[in-house]
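These are my notebook entries on a structure I looked through by helix, by loop and by cysteine. The entries follow the order in which I looked things up.

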Amino acid sequence: MATFDKKESTKAVTAAAIGNVLEWYDFAVYAFVATIIAKKFFPAQDEVAALLSTFLAYGLGFLARPLGGIVIGRMGDVSGRKNALLLTMFLMAGGTVMIGLLPTFETIGYLAPLLLVVARLTQGFSAGGEWGGSTAYIVEWAPKGQRGYYGSFQQVSVVAGLLLGSGMAALLNTILTPEQMDAWGWRVLFLLGGVLGPVGLYMRRTISETPAFVAEQGSEAKPRHVDDHVSPWLLGARAFGFTVVWTVCFYVLLNYMPTWARQYMKLSPAQALWANTIGLLVLMTAIPFMGKLSDRIGRKPLLLACCASFILIPYPAFSYLLGPSGSFAGLIAVQVLFAVMIAAFSGAGPAAIAEIFPTRNRSTWMTTGYALAVALFGGFAGAISIWLISTFGTPIAHTYYLIASALISTLVIVTLRETAFDELR
């Protein structure tokens, strides 16, 4: 059995989480300046087509995530979680700096969107390995009975990265004129991520390998759990279905939301981003409480409650925002409500998905299943939302996507065994 030193555990989780913050700031900031990127990197055309192209380029970054999940996830299972996390940090910082320095379409023509896609693919490859690697690392460092609480900090760090990106974008939109933001302010967001990259690399170089990984490597005769004989393909498929609602609600309600609020509520960029930032702050605060609650009552009650809420609430919530009472204050209230709903899943989720797998192949198959779901359902969430709204002719058509994703994940989660009170295998 793995042994834990409380001080070492806290240090390891803190370093991994801070690196994760920087990773997800780099990956997410693109969506917060999507309207500017649409003008800078794609040929002049109607606004919807340019914005759709921008979110398609955003989604292409997610197509590299399964490959990154397989390659970097396997690296984590063979050579250790720490080495995998160092590689993801290096790749993400490089892709982010590349976007910040790229010439625009006006300067180099069609080479501009091509290079933008290359940068997004680099980021996507990194993100594919980062999520599963950091989840495995943090959950494997958790003391007995606290995997939900410790694992929740993986999601806290993801949201903190989104919050940092949203907050910086809101701040720049507030202190700069629209002309300054359009001319050079957007580049600052990406270059800042490049500057922060070395900080994450330094912190990750100082962390130790997880006790669970060390124990697995040192014991070939380790007893196997009955579920360890289940095909890893089936376990990966469970992780895939588990992730669908998680990734859709994240990327529709946290990344696409500022764009939606600007277009259909006619709010200013700063208002849309500040509302999003407040929602992210509430989400980040609520996640550890939900993680701790999952250690007490189990993972499944929280996971299923989240799924049910995303079947019932999105349609009336967005209808309210478009009605006479819709306002900046109303948007904040809805963002806060969505944040609490997402927190129920994000608090229990990291531990629950890690507990599906044994240590010997956790990084590979968890990362792969998760990354495939994110690539197919999350990465194109903005583009799918835009397409649904255009096709059905209503600004709330994207709620159909949220409802469908919740139904899919519900079907998978009800079949999972409750693992909150078992030993990590």
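**Helix H7 and its partner**

I began with the length of H7: its 30 residues should span 44 Å at 1.5 Å a residue, and the C-alpha atoms at its ends are 44 Å apart, so the two values agree. I note here that the model I am reading is a predicted one. I then looked up how covered H7 is, and found that 23 of its 30 residues are buried, which leaves the helix mostly covered.

Next I asked at what angle the axes of H5 and H7 cross. For helix H5, residues 81–101, and helix H7, residues 111–140, I noted a crossing at roughly 150°, with the axes coming within 8 Å. Angles over 145 degrees count as roughly antiparallel, and H5 is therefore roughly antiparallel to H7. I sorted the residues of the contact of H5 with H7 by class, and they divide into 13 nonpolar, 9 polar and 4 charged. As to its hand, the crossing of H5 and H7 is left-handed.

**Helices H8 and H13**

I turned to helix H8, residues 147–175, which packs with H13 at an angle of about 170°, the two axes lying 8 Å apart. H8 and H13 are therefore roughly antiparallel to each other. In the contact of H8 with H13 I recorded 20 nonpolar, 11 polar and 3 charged residues.

**Lys266 in a loop**

I looked up the loop between helix H12 (257–264) and helix H13 (269–297), which is where Lys266 lies. Lys266 caught my attention with a positive phi of about 60°, although it is not a glycine. For context, I reminded myself that most residues other than glycine have a negative phi. Is Lys266 buried or exposed? Its relative accessibility is 68%, so I entered Lys266 as exposed.

**Cysteines**

Finally I asked how many disulfides the structure holds. The count came to 0 disulfides. Cys306 is in no disulfide, and the nearest cysteine sulfur to its own is that of Cys249, 5.4 Å away. With a relative accessible area of 2%, Cys306 is buried. Cys307 is likewise in no disulfide, its nearest cysteine sulfur being that of Cys306 at 5.6 Å. Because its relative accessibility is 0%, I entered Cys307 as buried. The cut-off I kept in mind for these entries is that a disulfide needs a pair of cysteine sulfur atoms within 2.5 Å.

Methods:
Residues are numbered from 1 along each chain as its sequence is written. This is a predicted model: local features need pLDDT of at least 70, side-chain atom pairs count only at pLDDT 80 or more; totals for chains, interfaces and linings use all residues. Side-chain values use heavy atoms; hydrogens and water are left out. Axes are lines fitted to C-alpha atoms, for helices over the stretch in contact, and angles run from 0 to 180 degrees between N-to-C directions. Helices (H or I, at least four residues) and strands (E, at least two) are DSSP runs, numbered from the N terminus. Angles under 35 degrees count as roughly parallel, over 145 as roughly antiparallel, 65 to 115 as roughly perpendicular and the rest as oblique. A crossing is left-handed if the near helix is turned anticlockwise from the far one by less than a right angle, and right-handed if clockwise. Ala, Val, Leu, Ile, Met, Phe, Trp, Tyr, Cys and Pro count as nonpolar, Asp, Glu, Lys and Arg as charged, and the others, Gly among them, as polar. Buried means under 20% relative accessible area, exposed over 50%, partly exposed in between (1.4 Å probe, protein chains only). The expected span of a helix is 1.5 Å times one less than its number of residues.
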